[in-house]
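Visitor: I am new to this structure, and I would like to be led through it with a few questions. Could you show it to me before we begin?

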Amino acid sequence: MAHRNILVCSFFIIFLSVFSSYDGLQEDPLNNYLDEEAPGYDSRVYPSHHSTAHDDGEYFKNLVKLRTEVFSLQKVSKVGGKSTPARTVNVKDFGADGEDDTEKFEKAWKEACSSSEGANVVVPHYTYRLKPITFQGPCKSKITLQVNGVIEASDDLSDYKEDGRHWLVFDRVQNLLVEGGGTIDGNGKIWWQNSCKVDKTLPCKDAPTAITFYECRNLVVKNLKIQNAQKMHVSFEKSKNVQVSNLTVTSPEGSPNTDGIHVTGTQNIQITNSVIGTEDYVSGVTVSGAKFSGTTNGVRIKTWQGGSGSARNIKFLNIEMDNVTNPIIIDQNYCDQDEPCEEQRSAVQVKNVVYKNIKGTVASEVAIKFDCSKTYPCEGILMKDVNLEREGAGTAIALCNNVKLAEMGAVSPNCP
C-alpha cells in the first residue's frame, strides 16, 4: 500500500482476517466513550477468548510501570541482592563495519542474551548491513537494543532464499526495550520493482516484513525511524504487554503493500503516533488526535470476504483529514485481486464503531463509504459531529450499504 506524503504522522488501517486471533486493548462499552448512546446501539462487551474481565485503569497503570520501572534507563538489575550495572555490548567490538554485519550482530546478541545482569546492545552511529537475522530468546535478563545508527537490509534477493517473509525477527524475547533515535531501513526498492502489484506480468511472491516481534513479553519499542520496508514495516505476533511510541514509519508513494504496523494474536498493546493494522478478534481500539494528509485512506476497517471473527468497540475521535481519498471507510467485501471475488455468506462482524469530531477535506467524491455484508451487516455505527468537504469543486457524498447507523450533532455528508 503506497503512503502518500504523510505530513503529520498517524495513518491507521485496521485489517481483519481469519488467519490469526487477536485480543487488543481490553474491551469496555462504547457508552463509556460518549455521553449519549446511539439508538439500537449494543453496549454489551464481546467476551474475550483469552481472559476474563480486566480493569482498564489497572491495565494502564501497569503500562506506566512497564515503561518507567521495568525498562529504567539506569539499566541495573538485582543479582544476589546487589545492584549490578547492565553489561554494554557494542556491535563495533565484534567487527561490524557496514559490509555484511549479520554474523557480528548475531555474536553481539548472543553475548547480551547470555548476560545474567542485563545488557545494553549498542548500535553506534554508522550504517550496518544485515541479511535476514533472528534475535533469539529467551534471554537470561533484560535487554536494551540501542539503535543510534542505521541498520539496512541486504538487497541481494538470494540472501532470502531460506525465508522470503522476514528480515529482522525478535523471537520469544522478554523484557526488551528497542529505542535510540536511529533508523531501520528495509532497502525495499528491489522488492518493489519485482512486485506483481507494480509489474502485473510478474508472478506474485512473498516479500519480507522488515521487523517481526514474535511471542515477546513486556516489550517497549520507541523513538525509531522505520522506512522503505520490503513489504510490511513492523509486525507484532502472539506477544503480550507491548508499548509502542514515537515511531516514524515511511515509504515512497510507489511502494506496494508497505503497511505500517500489523498486530496479530497480541494482548495488551498500546500504539501511539504509528501506523496500525490488526487481525481476527479486535476490540477496544482507540484512534484519537490523528491528522491524515494526502493519504489514500483515513480511518479504515477492511475485512476479507468469507472470514470470521469480529471487530467491536472501536472509536475514531478528534481526527483531521487533509485531501484524503477515502477518509471514512468500512469494507467487509475486501478483495485483493483484479477479478471480482465470489460473494461469500460468512463475514467478520463489525459492530459498535464510533466516529466523533472528524473534519477536513476529501480528494474524491466519496467521503464516507460503508460497504457491509448482506449476511452480517455493520451494526451500532455512530457518527457524531462529522464534517467532510470536497477539495475544490463538487460535493462530497456518502455511500452506505447494509449498515445500521445513527447520527448525532451535525453530520455531512449523510447516508442516503
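Guide: What follows is a short conversation about charged pairs, aromatic rings, one strand and one loop residue.

Guide: This is a predicted model, in which local features need pLDDT of at least 70 and side-chain atom pairs count only at pLDDT 80 or more, while totals for chains, interfaces and linings use all residues. Residues are numbered from 1 along each chain as its sequence is written, and side-chain values use heavy atoms, with hydrogens and water left out.

Visitor: How many salt bridges does a search of the whole structure find?
Guide: Side chains of opposite charge can pair when their charged atoms come close. A salt bridge here is a side-chain nitrogen of Lys or Arg within 4 Å of a carboxyl oxygen of Asp or Glu. Searched in this way, the whole structure yields 14 salt bridges.

Visitor: Which residue forms a salt bridge with Arg-87, and how far apart are the closest N and O atoms?
Guide: Helices (H or I, at least four residues) and strands (E, at least two) are DSSP runs, numbered from the N terminus. The partner of Arg-87 is Glu-117, with the closest N and O atoms 3.6 Å apart. This pair links distant parts of the chain, 30 residues apart, since Arg-87 is in strand S4 and Glu-117 is in the loop between helix H2 and strand S5. Together with Glu-111, the two belong to a network of salt bridges, so the name asked for, at 3.6 Å, is Glu-117.

Visitor: Is Asp-101 buried or exposed, and what is its relative accessible area?
Guide: Asp-101 lies in the loop between S4 and H2, and its side chain reaches the backbone nitrogen of Asp-97 at 2.8 Å, which is a polar contact (a pair of N or O atoms within 3.5 Å; within protein, one must be able to donate a hydrogen and the other to accept it, and residues adjacent in sequence count only if both atoms are side-chain atoms). Buried means under 20% relative accessible area, exposed over 50%, and partly exposed in between (1.4 Å probe, protein chains only). Asp-101 is therefore buried, with a relative accessible area of 0%.

Visitor: Why is the pair of Phe-135 and Phe-170 called stacked?
Guide: Rings of Phe, Tyr and Trp (its six-membered ring) pair if their centres lie within 6.5 Å, and planes under 30 degrees apart count as stacked, over 60 as edge-to-face and the rest as tilted. By this rule the count comes to 11 aromatic pairs. The ring centres of Phe-135 and Phe-170 are 4.8 Å apart, and the pair is stacked because the planes are at 20°.

Visitor: Which residue forms an edge-to-face aromatic pair with Trp-304?
Guide: Trp-304 is in strand S22 and its partner is in strand S24, 30 residues apart. Trp-304 is partly exposed, at 28%, whereas the partner counts as buried, at 13%. With 5.0 Å from centre to centre and 75° between the planes, that partner is Tyr-334.

Visitor: Which strand do 6 bridges join to S20?
Guide: Strand S20 (residues 282-288) is mostly covered, with 5 of its 7 residues buried. Two strands pair if DSSP finds at least two bridges between them. Here 6 bridges join S20 to a strand that runs parallel with it, and that strand is S23.

Visitor: Which side chain does the side chain of Asn-228 join in a polar contact of 3.3 Å?
Guide: Asn-228 is found in the loop between strand S14 and strand S15. The side chain joined to that of Asn-228 at 3.3 Å belongs to Asp-185.
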